[in-house]
Amino acid sequence: MGMSEARDVEQVINTGRYPLAEPGGAAWRAVVGRTRRELRETGCSVLPDFVRPALADALRNECAAIAPLAHFEVETVNAYNIAVDASLPADHPGRIPIERGNAFVARDLIPAGHIIQRLYSSVPFQRFVADCFGLERVHELADPLSGLCLNVVKPGMEHPWHFDTNEFTVSMLTQPAEQGGIFEYCPNIRTAGAENFDDVRAVLDGRGDRLVRRLELRPGDLQLFKGRYSLHRVSPVRGGTPRHTAIFAYSERPGVIGNVTRTRQLFGRVRPEHRAAEGRAVRVDALLD
């Protein structure tokens with residue numbers, strides 16, 4: 001580990017609980033073992049106070065300062081992020097329209113010195129994330145906008161039920177809502193070989209509460225999540241405070257760039273890298289989205 005990497009680990013991460021400077025050590029193995037077990041059982045693991053508690057205010061303030069830069073556009077979508085007028089059977093859950101009102105600050109608008117930028121590009125952090133997911137390594141996205149972003153959910157809005165396109169997600173709450181804004185998810189509601197439309201439709205219709213788990217996260221908590229197979233959302237935010245979450249996007253392979261349509265939907269723009277990469281996406285399964 002280089003001096004700058006070691007300095008970032010010590011300054012930013014709560015190394016008393018998460019010994020990222022000692023990969024493979026007994027404490028590292030204990031944390032990784034617990035995280036892997038939770039991911040295996042429920043598809044989700046939360047590491048409380050991952051960022052040093054003394055930095056909670058700095059984390060919140062840095063992200064709040066850039067939140068006004070988020071691209072915001074209310075639109076009607078469905079849980080699969082496919083066309084809402086798709087030719088689907090009448091009882092298909094993809095027929096259920098939902099309003100997406102969350103917004104995103106793209107990576108190229110997040111200053112290099114911000115805590116979330118330092119974490120995202122940290123090699124020790126990447127090594128730890130990879131080990132928790134049981135991977136050889138993870139790569140930063142080559143995408144200049146979506147590799148790291150800040151998800152902003154304003155009062156009156158929500159991040160509606162959806163599945164992720166990637167198999168795993170790493171995120172960190174930086175500012176909780178005054179009320180609401182609860183992370184809700186349905187562990188492994190589908191698999192790589194089975195969509196399980198009946199249960200998905202039950203959740204979207206409000207009949208599937210037995211399938212839903214809820215998490216109340218705190219600023220600085222690190223969340224590792226397998227969102228490809230677990231339907232999830234952030235419930236409507238109420239009160240006067242928006243909810244902010246940093247999303248650290250990694251991939252098992254290098255060079256990953258988002259497609260033009262999805263990138264413009266989330267960020268309101270694309271860059272030459274997106275146009276150059278169009279049509280080169282590699283899917284990990286044959287699921288609807």
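This passage describes the overall build of the chain and then its nonpolar cores. The model is a predicted one, in which local features need pLDDT of at least 70 and side-chain atom pairs count only at pLDDT 80 or more, while totals for chains, interfaces and linings use all residues. Numbering runs from 1 along each chain as its sequence is written, and side-chain values use heavy atoms, with hydrogens and water left out.

The protein chain holds eight helices and 16 strands, where helices (H or I, at least four residues) and strands (E, at least two) are DSSP runs numbered from the N terminus. Its radius of gyration is 18 Å, close to the 19 Å that the globule rule gives for 289 residues, so the chain is as compact as a globular protein of that length. That radius is taken over C-alpha atoms, and the rule is 2.2 Å times the number of residues to the power 0.38. Along the principal axes, the C-alpha atoms fill a box of roughly 60 × 45 × 35 Å. Of the 289 residues, 52% count as buried, meaning under 20% relative accessible area (1.4 Å probe, protein chains only). Among contacts (heavy atoms within 4.5 Å) between residues at least 6 apart in sequence, 83% join residues at least 24 apart.

We turn next to the interior. The largest nonpolar core has 46 residues, and those with the most contacts inside it are Phe-50, Phe-125 and Phe-248. Such a core is a set of buried Ala, Val, Leu, Ile, Met, Phe, Trp, Tyr and Cys residues joined through side-chain atoms within 4.5 Å. Helix H5 (residues 123–132) supplies the largest share of this core, five residues. Leaving aside residues up to four places away in sequence, Phe-125 touches Phe-50 and Phe-248, and also Leu-20, Leu-119, Val-170, Leu-222 and Tyr-250.

Val-170 offers a view from strand S8 (residues 169–175). This valine is buried, with a relative accessible area of 0%. With the same sequence neighbours left out, the residues that Val-170 touches include Phe-125, Val-129, Phe-133, Leu-222, Ala-246, Ile-247 and Phe-248.

A second, separate core of 13 residues includes Trp-161, Ile-189, Val-200 and Val-203. In helix H6 (residues 197–204), the buried residues are Val-200, Arg-201, Ala-202, Val-203 and Leu-204. These pack against strand S7 (159–162), strand S10 (183–186) and strand S13 (231–234). After H6 comes Gly-206, whose phi is positive, near 85°.

Methods: Buried < 20%, exposed > 50% of the residue type's maximum accessible area, 1.4 Å probe, protein only.
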